Each structure stands twice: as C-alpha cells, then as structure tokens.
Amino acid sequence: MNKVLITGGTGLVGSMVKGDIKLGSKDADLRDFNQVKAIFEKYKPTKVVHLAARVGGVGGNIKAKGEFYFDNIMINTNILEACRIYNVEKTLSFLSTCIFPDNVEYPLTEDKIHLGAPHLSNYGYAYAKRMLDVQSYVYNDQYDMNCISVIPTNIFGPNDNFNIENGHVIPSLIHKCYLAKQNNTPFIVWGSGKPLREFIYSEDIGKLTNWALENYNSVDPIILSTSHEVSIKFVVGLIVNAFNFKGDVIFDTSLPEGQFRKPADNSKLKSYLPNFKFTSIEEGILKTVKWFIKNYQTARK
C-alpha cells in the first residue's frame with residue numbers, strides 16, 4: 001500500500017498535493033540528518049514529494065546567499081539520501097526556474113539547466129536547487145532509484161508566505177497593498193514593474209504534481225508552466241483592482257527587481273497533458289486576495 005510523505009506539506013504547494021503524511025517546519029529540522037532519519041523510521045513512506053526549501057524573494061536571496069545555499073543543499077541531500085536508505089519507491093522533487101543560466105537562449109527548456117551560471121540575485125539558492133537535479137540523476141544511475149523532478153514557474157495562491165521581506169513577488173505585493181489600504185499610505189513596488197514573469201496558481205500545481213507522482217517516471221526534469229508571460233506592473237494592477245485600492249502606486253526604480261524575463265517552454269508538459277486547463281492569472285489573484293483578507297490573522301507573514 002502506498003504511503004506518501006510530503007516535506008513542506010503545510011505550505012503553498014503542500015496544501016494542494018495529495019499525501020498521507022504532511023510535514024511542516026515544526027515537525028523536524030531537515031538540515032539535521034538524524035531528524036530526517038527519525039521521520040523516515042517513524043512513517044516508512046513508499047513515496048516522497050519533496051517540497052521543503054528555504055525560499056524568499058529578490059531581497060532575501062541577495063542578502064543571504066550563503067544561508068540559502070547551505071540550508072537548501074543540506075535539506076535536499078538529506079531527503080534523497082534517506083529515500084535511498086529506506087528504499088522509497090519514488091521521489092518527486094521540486095526545482096525552480098531560477099536554476100537556469102542567466103545568459104541562455106529563450107525560451108527555457110529542460111535541456112538548458114546546466115549551460116551556464118544562474119543570475120547573481122539568487123546564486124546560492126539556484127545552485128543548491130540545481131544540485132538536486134544532479135543528485136537525482138546520480139542516485140537513479142547508481143542505485144536504480146526512481147527520482148523525478150519538476151520545474152514550476154512562479155507559484156502563488158492561498159497558504160503562501162506573505163512576508164514582505166522574504167516572500168515571493170505576488171504574496172509580498174498582496175500584503176503591501178493590504179497594509180497600504182489599511183493605513184492610507186502609498187503602495188510601493190520594488191523596481192520599474194517592467195520585468196516579465198510566468199505565474200501558475202497553486203491549485204494547478206497540485207493537480208500536476210499528483211499527475212507526475214503517478215505517471216511521470218523520467219529522471220529528466222519536466223517544466224510546469226502556463227508559458228504565458230505578464231509584467232509585474234500588470235500583476236500590480238490586478239492586485240490593486242482586487243483590493244479596490246484607490247491610493248498612490250509608486251514604482252521605486254532604486255530597488256532591485258531581478259532578471260528581466262525567463263520565459264519557459266511547456267511543450268513537454270503539453271505533450272503529456274494537451275488538454276490541461278490552467279487557472280487564469282486574473283482568477284488566481286482574485287482568489288488569493290480574498291483568501292488573504294479572510295485569513296489575515298493566521299496567514300504566514
């Protein structure tokens with residue numbers, strides 16, 4: 001009988017993925033191999049969905065490159081090694097589009113991961129995540145494990161981390177706009193608003209992860225993306241409308257904004273699921289704003 005363990009199971013994606021055991025940061029420090037082994041001894045999972053990571057936005061990644069590298073490289077190494085020791089039948093790990101080289105021909109495809117260095121703004125995190133792809137490959141090769149990886153574009157939705165300093169772009173913007181409306185102050189956005197991103201709603205990622213865990217068995221990663229780019233300025237407009245915010249919106253160009261664009265090709269995903277229907281960015285942001293307002297007191301922030 002299958003028993004699916006999800007690391008990072010209480011977060012944005014974990015809350016949308018089917019699993020029997022959902023671990024949060026309070027359950028164990030995954031940087032500590034003894035704690036990881038204790039978890040595997042206790043639950044004896046047959047499958048693992050590895051979502052746990054130390055994550056953050058542009059500001060957090062720039063200020064703490066070393067910490068982001070160390071924490072993530074230890075978490076990933078420990079989880080895959082425990083999967084090997086405890087004979088886990090299948091492991092699905094989450095990578096990130098930030099692992100791709102900074103100077104690479106667009107669109108991003110699965111075969112371009114190791115063609116150069118990632119962008120300096122998330123250097124530590126990106127290399128730690130890139131090594132997860134390497135570890136999956138060599139473990140499959142030497143130990144005949146079934147380790148697969150998915151590469152989602154920017155995920156957003158309910159249960160996200162809405163921390164202004166360390167959250168990703170959409171949740172931190174939602175929190176900023178909420179406070180600006182409450183305090184009757186300007187809504188200040190980092191950068192020009194011109195950079196382009198591909199966003200995907202967490203409910204869609206949950207469905208695609210469940211599909212991959214059951215049906216995808218190649219060590220080569222697969223990109224989970226809508227392949228639809230929107231500007232940060234467009235996203236800000238959707239958030240402003242969702243809050244019915246009437247104050248000033250200021251784009252502070254003195255602050256960093258990361259890579260200009262990193263469009264991804266979802267052809268591989270579409271070859272498996274040609275009729276998959278993605279949630280629109282408009283609908284996803286409206287749902288997320290409504291959830292945040294309703295759950296403001298208990299939301300991560």
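Three bridges join strand β6 to strand β8, and these two strands run parallel; strands, like helices, are DSSP runs numbered from the N terminus (helices H or I of at least four residues, strands E of at least two), and two strands pair if DSSP finds at least two bridges between them. Within this pairing, F156 stands opposite Y201 in β8. The model is a predicted one, in which local features need pLDDT of at least 70 and side-chain atom pairs count only at pLDDT 80 or more, while totals for chains, interfaces and linings use all residues. Residues are numbered from 1 along each chain as its sequence is written, and side-chain values use heavy atoms, with hydrogens and water left out.

**The sheet around β8**

The pairing of β6 with β8 belongs to an open sheet of three strands, whose order is β6-β8-β10 and whose pairing is mixed. Its edge strands are β6 (154-156) and β10 (229-231), each of which pairs on one side only. From one strand to the next the twist averages 55°, where axes are lines fitted to C-alpha atoms, for helices over the stretch in contact, and angles run from 0 to 180 degrees between N-to-C directions. Strands of a sheet pair through backbone hydrogen bonds, either parallel or antiparallel.

On its other pairing, strand β8 (residues 196-201) meets β10 in the antiparallel sense over three bridges. Here R197 stands opposite V230 in β10, and E198 has E229 of β10 as its bridge partner. Helix α7 (residues 232-243) packs on the sheet, touching β8 and β10, and its direction makes about 75° with that of β10; contact means heavy atoms within 4.5 Å. Strand β8 is mostly covered, since five of its six residues are buried, a word that stands for under 20% relative accessible area, with exposed over 50% and partly exposed in between (1.4 Å probe, protein chains only).

**A buried leucine in α6**

L208 lies in helix α6 (residues 202-215), and at 0% relative accessibility L208 counts as buried. Leaving aside residues up to four places away in sequence, L208 touches I200, L224, L269, L273, F276 and F278. The C-alpha atoms of L208 and V169, which are 39 residues apart along the chain, are separated by 22 Å.

**Salt bridges**

Side chains of opposite charge can pair when their charged atoms come close. With a salt bridge taken as a side-chain nitrogen of Lys or Arg within 4 Å of a carboxyl oxygen of Asp or Glu, the count comes to nine. Three of these pairs are listed here with their N to O distances.

| Basic residue | Acidic residue | N to O distance |
|---|---|---|
| R31 | D29 | 3.0 Å |
| K47 | E214 | 3.7 Å |
| R54 | E67 | 3.0 Å |

The pair of K47 and E214 links distant parts of the chain, with K47 in strand β3 (residues 47-50) and E214 in helix α6, 167 residues apart. K47 is buried, its relative accessible area being 9%.

The salt bridge of E67 and R54 has E67 in helix α3 (residues 65-85) and R54 in the loop between β3 and α2 (58-63), so the pair ties together parts that are 13 residues apart in sequence. Both residues are partly exposed, E67 with a relative accessible area of 45% and R54 with one of 28%. Salt bridges that share partners join D29, R31, R54, E67 and D71 into one network. Within that network R31 is partly exposed at 37% relative accessible area, and D29 is likewise partly exposed, at 28% relative accessibility.

**The chain as a whole**

The chain has nine helices and eleven strands. Its radius of gyration is 19 Å, close to the 19 Å that the globule rule gives for 301 residues, so the chain is as compact as a globular protein of that length; the radius is taken over C-alpha atoms, and the rule is 2.2 Å times the number of residues to the power 0.38. Taken along the principal axes, the C-alpha atoms fill a box of roughly 55 × 45 × 40 Å.

Of the 301 residues, 53% count as buried. The chain exposes about 13,700 Å², of which carbon and sulfur atoms supply 50%, with areas from the Shrake-Rupley method and a 1.4 Å probe. Among the contacts in the chain with a separation of 6 or more, residues 24 or more positions apart account for 78%.
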